[in-house]
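Here are my notes on this one, in the order I'd click through it. Have the viewer open while you read.

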Amino acid sequence: VSEAPPAGLPRSLEQNPRLDDWIRIDAADTVTVRTGKVELGQGVLTALAMIAAEELDVALARIKVEVADSAGRPNEMMTVGSMSIELSGAALRLAAAHARALLLQAASAHLKAAVEELSVEDGRVSAPGGSSVDYWQLHGGKRWDCAVSASARPKRPEEHRLVGRRGQRLDLLDKLLGASRFVADLSVPGMLHARVVRPALPRARLVACEAERASALSGVVAVVRDGSFLAVVAEREEQASHAAQVLREDARFERDAPLAGSEGLHARLASNLVGSYPLVAGVPTEQPVPPIDPPPAAQRTLRATYTRPYLMHGSIGPSAALALFEHDELHVWSSSQGVALLAPVIARVLALPAEAVRVSYVESAGCYGHNGSDDAALDAALCARQLPGRPVLLKWTRGDEHAGEPYGPAMRVDAQASLDAEGRVVDWNHDVYSTSHMGRALPFGRSCALIAAQQLATPFPAPRPRPALMPQAGIHRNADPLYAFPRARIVKHLSAEAPLRTSSLRSLGAFTNVFAIESMIDELAAASDQDPVAFRLLHLRDARARAVIEAAVGLLADGDGNGAGRPPADPQRPRGRGMAFARYENYKCYAAVCVELEVDLASHAIHLLRAAIAADAGQVIDLDGLENQLEGGFVQAASWTLKEQVTYDERGVTSLDWASYPILTFDEVPPVQTVILDRPGEPARGAGEATTGPTPAAIANALFAATGIRLRDLPFTPARVRAALYAAP
Amino acid sequence: VAELEVNGELHEVGAARETPLLYVLRNDLGLTGTKLGCALEQCGACTVLLDGEPRMSCRLPLAEATGRRVLTVEGLGTREAPHPLQRAFLEENAAQCGYCIAGILVRAKALLDRNPDPSDREVRVALRDNLCRCGAHNRVVRAVLRAARKETTP
């Protein structure tokens, strides 16, 4: 059936217009809701179920959610960009409203009462006389066979009974009981275990491999080699693990040209460019880059460069996938963010017809963007193809993950801003340099971004870096400040300097761009002796932006009675507070982050004491889930800020475990208070990436308040604090 | 064949003596609640209790666990009767992806068994060998304190 989508439908409904794609009244007692999105730990199953339960008037516990499968519908391509509530949520809300209208029509005929007279409680429809019928009697197990109507009327916010309240995570009890099955937990009869053997040296070729010793080990079923792709498959997991270690000793990988070391990385980011793209109204263009040219009113000009290193997603669970090749068809179970995109990619690499490859989503540890899941899926598929009929569960090691995942790119921002005599910004310049944040494999073209595809005897070339010229795409995400500056010159620079493979890490360019903007704002306020909060408000017209800033500052001040009762400052442990703000992608969630920290002048370590977050994500769906995402984003970004950097030299990546790539631990995480400004009349926006940008700047600004030192290179390690403290003035 | 006591039940296990306990639990006994995180004893996802003491199981040879009591997350509580810690984690929605939670739950149990009324700081210090990447730390701490209050106040 093909029908032209009615105008005005949410995008996901235009692409998946059938009501049966979204909602099914099951045979008895439950309702199945389908989404093309997946649960990554962000709690989206619960939020989507709340939306459906609200519109249908059924208890939340009756909702079952089916997530993306490349063989199923709806197809929403990927779970990225904090878009699941905005896209899938909007579609589901309308679909559920339509389903409810159809159910009430059927009930009206059944109960012989007008629709307006009916009431619904947990799926049971009652007429004024007391007669009633439930959804399952009316429509249990039946199809709708219609398209979702654009004229379906969802509830008004004031009618909501569930949406906006604190949800109870639907998937949590299973996880707490140890009953949940992550992809690495899958177990099927006859299953084999596999490991890859891959060097920590990117794009190295396998120049020699003696497989005899590994092949002869107990339990080893196959050594799989295709070009530089090398893996081993065994009956038991510990056998595969041991055989992979032996095979690694007997394999030699070399690069054609030495890897450029990390020394001078940020200089090369700006000197070796694919192209430069000035933003016009937020959109990168191919126009010539205008010169930096402060107006005559400029009294004082500041220039600064801010950098971040390569960062890891750092999933706690190493990437894994299960694959079965049988009767010329391949089925892969993967924690990919985009199973519908990955299936045709794997088909192309394996030269299989697209319809012969199916990828089903299974949860794994949080990924925080595009991590190694897609690569592991292809690795498992390559092993399974050698062993038809045998399911193969392939797991990366911690070292594979730390060396092989597509990192968040190293970045650099050169900022220059000028103040007039009244201390207002009159000129603003922001030049951001980075390699691509768009490293996903695509199902077309000659190249392929997956590691194994580039290793094959007939390899796929790595994709050539191309600028994303859409609004708010990777490098320039949040580069355009929300402040009302009279002039803002923003330039995106795509760097060709790419020693390491990169892709999308939570909030993409926004983390570095907001770090630079919100640090520079503080530097300008300090240079003109203005209060940094008042300085921000002076330049902000957006009332919702002002509201979150004031709320966060107030929350941190209230947390300790505005400083009353705090112990007197220890001169060896100076304390300071800082704040920073952004609206994610300039149209999604507003978030202001305040932190209080102290610096230990003996160890030069920064200790976060507490944090306050205020956010406005429009209409709230799951209040608790929203807080969880905002707080989690803060903690993760604080970890990036204080501790994290991928290290590498000519011989390859050297941060291969949690000792060499430390992250924030329980005793280092500060208490966080969060306040949500609910705007029921505004569209619901995703918030999972809203606090990452403000966090590094809030910490940098608090460090400045505490010590007078200004750090602009991430991470803020004790060595950097020490160097700044004792730098010649 | 080794005899292994897990969650109060005796199992006969055919795996080699040097096999890491984690693989035996997950692949031989089907107890996949305990997670593989790093196999380097650095992240705590594989934490179990061995005679009541938290131990990472990813490099612990099977031979060292035989003759001792192993407790995994599956041994804490049931769907019908969750352990007070599991109830408290549910009430606080104390997770995001949940991958690290099994290791944290059993380590928290060891803490409360030893110290039924810990301070916020004591909980944080006790859990510092268990990594959480989602940033659910504060919820986890609140949940452990909530479970402790329920245990200590009638």
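**Notes on the model**

1. Let's start with an odd backbone spot. Glu585(A) comes out at 9% relative accessibility, so this residue counts as buried, the limit being under 20%. Glu585(A) sits in the loop that runs between β22 and β23 (590-599) of chain A. Its phi is positive, about 55 degrees, although the residue is not a glycine. Most residues other than glycine have a negative phi. Keep in mind that this is a predicted model.

2. Chain B has a case of its own. Ala39(B), not a glycine either, has a positive phi of about 55 degrees. You'll find Ala39(B) in the loop between α1 (21-28) and β3 (47-50) of chain B. Is Ala39(B) buried or partly exposed? With a relative accessible area of 25%, Ala39(B) is partly exposed.

3. Now the cis peptides. Arg73(A) and Pro74(A) are joined by a cis peptide bond with omega at about 0 degrees, and Pro74(A) belongs to the loop between β3 and α3 (84-111) of chain A. A cis bond also runs from Leu714(A) to Pro715(A), where omega is near -5 degrees. Pro715(A) is placed in the loop between α17 and α18 of chain A. Most peptide bonds are trans.

4. The loop between α17 (694-707) and α18 (718-725) of chain A also holds Arg710(A). Arg710(A) makes a salt bridge with Asp522(A), with 3.9 Å between the closest N and O atoms. This pair links distant parts of the chain, as Asp522(A) is in helix α13 (residues 510-527) and the two are 188 residues apart. Arg710(A) and Asp522(A) are both buried.

5. How many salt bridges turn up in the whole structure? The search finds 72 over all chains. As background, side chains of opposite charge can pair when their charged atoms come close. One bridge worth a click is Arg34(A) to Glu66(A), at 3.2 Å from N to O. Arg34(A) lies in strand β2 (residues 31-34) and Glu66(A) in strand β3 (residues 63-66) of chain A, so the bridge ties together parts that are 32 residues apart in sequence. Both ends are partly exposed: Arg34(A) has a relative accessible area of 22%, and Glu66(A) has 33%.

6. Another bridge pairs Arg24(A) with Asp26(A), their closest N and O atoms being 3.5 Å apart. Here the two partners differ in exposure: Arg24(A) is partly exposed at 29% relative accessible area, whereas Asp26(A) is buried at 10%. There is also a network of salt bridges, which links Glu54(A), Asp57(A), Arg100(A), Glu121(A), Lys155(A) and Arg161(A).

7. On to His370(A), in the loop between β17 (357-361) and α10 (373-386) of chain A. At 3% relative accessibility, His370(A) is buried. Which side chain does the side chain of His370(A) meet in a polar contact? That partner is Ser503(A), at 2.7 Å. Leaving out residues up to four places away in sequence, His370(A) touches His313(A), Gln337(A), Pro406(A), Gly439(A), Arg440(A), Ser503(A) and Ser504(A).

8. Next, the enclosed space. The structure has 13 cavities of 30 Å³ or more, and the largest cavity holds about 90 Å³. Its lining includes Asn478(A), Tyr483(A), Val514(A), Glu518(A), Phe581(A) and Asn586(A). Two or more lining residues each come from α13 and β22 (575-583) of chain A. By type, the lining of the largest cavity splits into 7 nonpolar, 2 polar and 3 charged residues.

9. Last, the second largest pocket, with about 400 Å³ of space. Its lining counts 21 residues, and Ile606(A), His607(A), Leu608(A), Asp667(A) and Glu668(A) lie nearest the centre. Both chains appear here: β24 (606-616) of chain A and α5 (120-126) of chain B each supply at least two lining residues. Which element gives the most to this lining? That is β24(A), with 4 residues. The lining of the second largest pocket divides into 11 nonpolar, 2 polar and 8 charged residues.

Conventions. Residues are numbered from 1 along each chain as its sequence is written. Chains are lettered from A and ligands numbered from 1 in the order in which they are written. This is a predicted model: local features need pLDDT of at least 70, side-chain atom pairs count only at pLDDT 80 or more; totals for chains, interfaces and linings use all residues. Side-chain values use heavy atoms; hydrogens and water are left out. Buried means under 20% relative accessible area, exposed over 50%, partly exposed in between (1.4 Å probe, protein chains only). A polar contact is a pair of N or O atoms within 3.5 Å; within protein, one must be able to donate a hydrogen and the other to accept it, and residues adjacent in sequence count only if both atoms are side-chain atoms. Contact means heavy atoms within 4.5 Å. A salt bridge is a side-chain nitrogen of Lys or Arg within 4 Å of a carboxyl oxygen of Asp or Glu. On a 1 Å grid over the protein atoms alone, a cavity is a set of points where a 1.4 Å probe fits but cannot get out, and a pocket is an open set with protein on both sides within 12 Å along at least five of seven lines; lining residues have an atom within 4 Å of a point. Grid points are joined across faces, edges and corners, and a volume is the space filled by probe spheres set on the points. Ala, Val, Leu, Ile, Met, Phe, Trp, Tyr, Cys and Pro count as nonpolar, Asp, Glu, Lys and Arg as charged, and the others, Gly among them, as polar.
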